[in-house]
Amino acid sequence: MLNKAGRDIPMNLPCLEGREVYQGEFALATNARRAGRPVRATRPGENKVVASIDEAIEKAGLKDGMSISFHHHFRNGDYVMKLVMERIHEKGIKDLTILSSSLAPCHEFLIDYIKDGTVTAIETSGLRDALGKFLSTNPGVLKRPVVIRSHGGRARAVSCGEAHIDVAFLGVPTCDPRGNATGMMGKAACGALGYAMVDAHFADKTVLITDNLVDYVYPYSIPQTDVDYVVEVEAIGDPAGIASGAIGITKNPVQLKIAELAAEFLDQADIIKEGFSFQLGAGGAPLAVAKFIGQKLKEKEVVGGFGVGGATGVLVGMLEDGLIKAIYDTQTFDTTAAASLHDNPNHIEMSASMYADPWTDCMTNYLDVVFLGATEVDVNFNVNCMTDSNGILMGASGGHSDTAAGAKVTVITCPLIRGRLPMIRENVQTVITPGTSVDVIVTERGLAINPNRQDLIEKFKDSNLPIYTIEELQKMAYDRVGKPQDVEVSDKDEDVVAIVEYRDGSIIDVVRKPLL
Amino acid sequence: MKHLVKAATAGFDEKNDVLVTVEPIAAGIEVELTSKVMRQYGEHIKEFITATVKEAGFDGVKVIAADKAAWDYTIKARVLGALERGSK
């Protein structure tokens, strides 16, 4: 069945029973209610701190067939999932669904647990490296295809009970014995805990795992009222993998050229003005855009409104220089930004729901502009940031579609050619963000405005910027490197390896096993 | 028709380059290709290398190309360079 993004969705798949196909960014109405967890009455004298992960697993009542959740605030430095999965494996519990807010290369040990039936389903935002390749090329190794959700889509699914969490195992850098927890302090400090906040609140049972148990925690991101058990362990993460030092602005001339063009576009569109709000992805070009935005704000002597993180030192610098008034932060990317969240009252932590959940009042709806990267785009302005040029799962849906749907202007920055591969395709391999959400695509050789933004096209008709149609940009690449052959994928139903949910839960695409 | 007198190489094992080795064989033009972009450009690159060798007037050549997403002008330059080196 063709959906509104032009994708043929095999609705006969058992895993899609009762699902809707994607019908447009805000097409689906909902009468859902928020989910509720069982009440847990705590008696005087009770102690929530348990001696081991084993004891927490037992007390939480984990059984075959349940869903367990993890967060990805520790990124590639996460120890928690492995600590927990080793104990679960030891206990012989099988047939689990892993509902992680994302998965990093350090989680490739899951391959073994998938092979032995401990893990039989995965729902995530990101998949990379060995695990991504394994799942892309081994359909049927899980009992149903992987579910890919955006950050806002996951918050929505968890909040309304569509994605039910039986037990949440959440690593927290600092915690007290009652379960008040923060990510701002501790050996494994990661800054905001936006994804963990949602899971802690909606899971039937919430287990916190910490390596810094202190008497009292304030301010807390997770309150004791959401917590069932607390476990202290040696280490929950590798600080080097959790947060890099300050992420630098790119020195890559192609990325800089793209950033410069994007910033110039923004300026000529009169978007940089008093109180304007924005989000920048963490890629090289978006961060360089921040620098240009800062310069324009200074030149114009105006103060921006809020910036949304993925907070980085670059964004923090703008806040500290008085160029913007606030940062709203759901996950923190570097150590400078983590320190800022702790120290600066205008650096505000928010949950993934408040960030991007389409079924609540989310911050992405208040964005004037968002800058996002892409692994590839197509002539219909659709964006893929999930599969590579060979059709292998290697990226993340992240907040891409959430911010693109909410922002008044969505700017995609993408090189025209990577290596030899043209990045403007006839059809992207996987649609994560529909073209209707995208307003302009900026490459190092020029930019293309989406024809459905006639207002912008009109505004830029006398501009000195190198503006082309998307087809002209595509041809520029083909003239240089030739037109690539399409990568073939299996058309068999049983070779669907992942389904891609749009943020409202409808199906925007499926990922099929590439024929190698 | 020109012929190689020995095996020779040109190019580097670097991004956007191709390491080309040519070897004399009895007759014909054979191409052995490994490429980062095999699925997107494999057929094209093989044909392009064959055409380049022919155009240069050679026969009895085996071309072994290890491609890291070189563009056509680079591929052509490396093939011609290797042929030249193998001719002396």
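## A guided tour of chains A and B

Select Ala262(A) and Ile441(A) to begin: among the 183 residues of the largest nonpolar core, these two touch the most other members. Domain 1 (49-241) and domain 2 (253-488) of chain A both contribute residues to this core, so it lies between them. The model on display is predicted.

**The surroundings of Ile441(A)**

Keep Ile441(A) selected and display its contacts. Leaving out residues up to four places away in sequence, Ile441(A) touches Val377(A), Phe381(A), Ile412(A), Cys414(A), Leu447(A), Ala448(A) and Ile470(A). As a general background, nonpolar side chains in soluble globular proteins tend to be buried together.

**The two domains of chain A**

Next, colour residues 49-241 and 253-488 of chain A separately, as these ranges are domain 1 and domain 2. Taken over C-alpha atoms, the centres of the two domains of chain A are 29 Å apart. Where they meet, 31 residues of domain 1 of chain A are in contact with 34 residues of domain 2 of chain A.

On the side of domain 1 of chain A that touches domain 2 of chain A, select helix 4 (129-137), helix 5 (151-159) and helix 6 of chain A, each of which supplies at least two residues. Helix 5 of chain A provides the largest share of that side, with 6 residues. By class, the residues of this side of domain 1 of chain A comprise 13 nonpolar, 13 polar and 5 charged.

**The sheet of ten strands**

Turn now to the strands of chain A. An open sheet of 10 strands in chain A follows the order 1-10-9-6-2-3-4-5-25-26, and its pairing is mixed. Strand 1 (49-50) and strand 26 (507-512) of chain A stand at the edges with a single partner strand each, so one side of each has no neighbour in the sheet.

Follow the sheet from strand 1 of chain A. Strand 1 of chain A pairs with strand 10 (residues 229-232) of chain A in the parallel sense over 2 bridges; here Val49(A) has Val230(A) as its bridge partner. Strand 10 of chain A also pairs with strand 9 of chain A, in the parallel sense and over 4 bridges. Select Thr210(A) to find Glu232(A) of strand 10 of chain A opposite.

Then move to strand 5 (residues 146-148) and strand 25 (residues 496-501) of chain A, which run parallel and are joined by 3 bridges. Within this pair, Ile148(A) has Val500(A) in strand 25 of chain A as its bridge partner. Add helix 6 (residues 194-202) of chain A, which packs on the sheet and touches strand 2 (67-70), strand 6 (167-172) and strand 9 (205-210) of chain A. The direction of helix 6 makes about 145 degrees with that of strand 6 of chain A.

**Where chain B meets chain A**

Display chain B: 12 of its residues are in contact with 11 residues of chain A. Helix 1 (residues 38-55) of chain B gives the most to the side that touches chain A, namely 5 residues. That side of chain B has 4 nonpolar, 3 polar and 5 charged residues.

**Last stop: Leu421(A)**

Finally, select Leu421(A), which belongs to strand 20 (residues 421-422) of chain A. Leu421(A) counts as buried because 20 C-beta neighbours lie inside 10 Å. Apart from neighbours within four places in sequence, Leu421(A) is in contact with Ser389(A) and Pro484(A), as well as with Val37(B) and Gln40(B). Measure across to Lys483(A) in the viewer: the C-alpha atoms of Leu421(A) and Lys483(A) are separated by 8.7 Å, while their positions lie 62 residues apart along the chain as a sequence separation.

Notes
Residues numbered from 1 in each chain as written. Chains lettered and ligands numbered in written order. Predicted model: local features only at pLDDT ≥ 70, side-chain atom pairs only at ≥ 80, totals over all residues. Core = buried A, V, L, I, M, F, W, Y, C linked by C-beta atoms within 7 Å. Buried ≥ 20, exposed ≤ 12 C-beta atoms within 10 Å, placed from the backbone. Domains from an automatic or database assignment. Contact = placed C-beta atoms within 7 Å. Nonpolar A, V, L, I, M, F, W, Y, C, P; charged D, E, K, R; others polar. Pairing = 2+ DSSP bridges. Axes fitted to C-alpha atoms, helices over the stretch in contact; angles between N-to-C directions.
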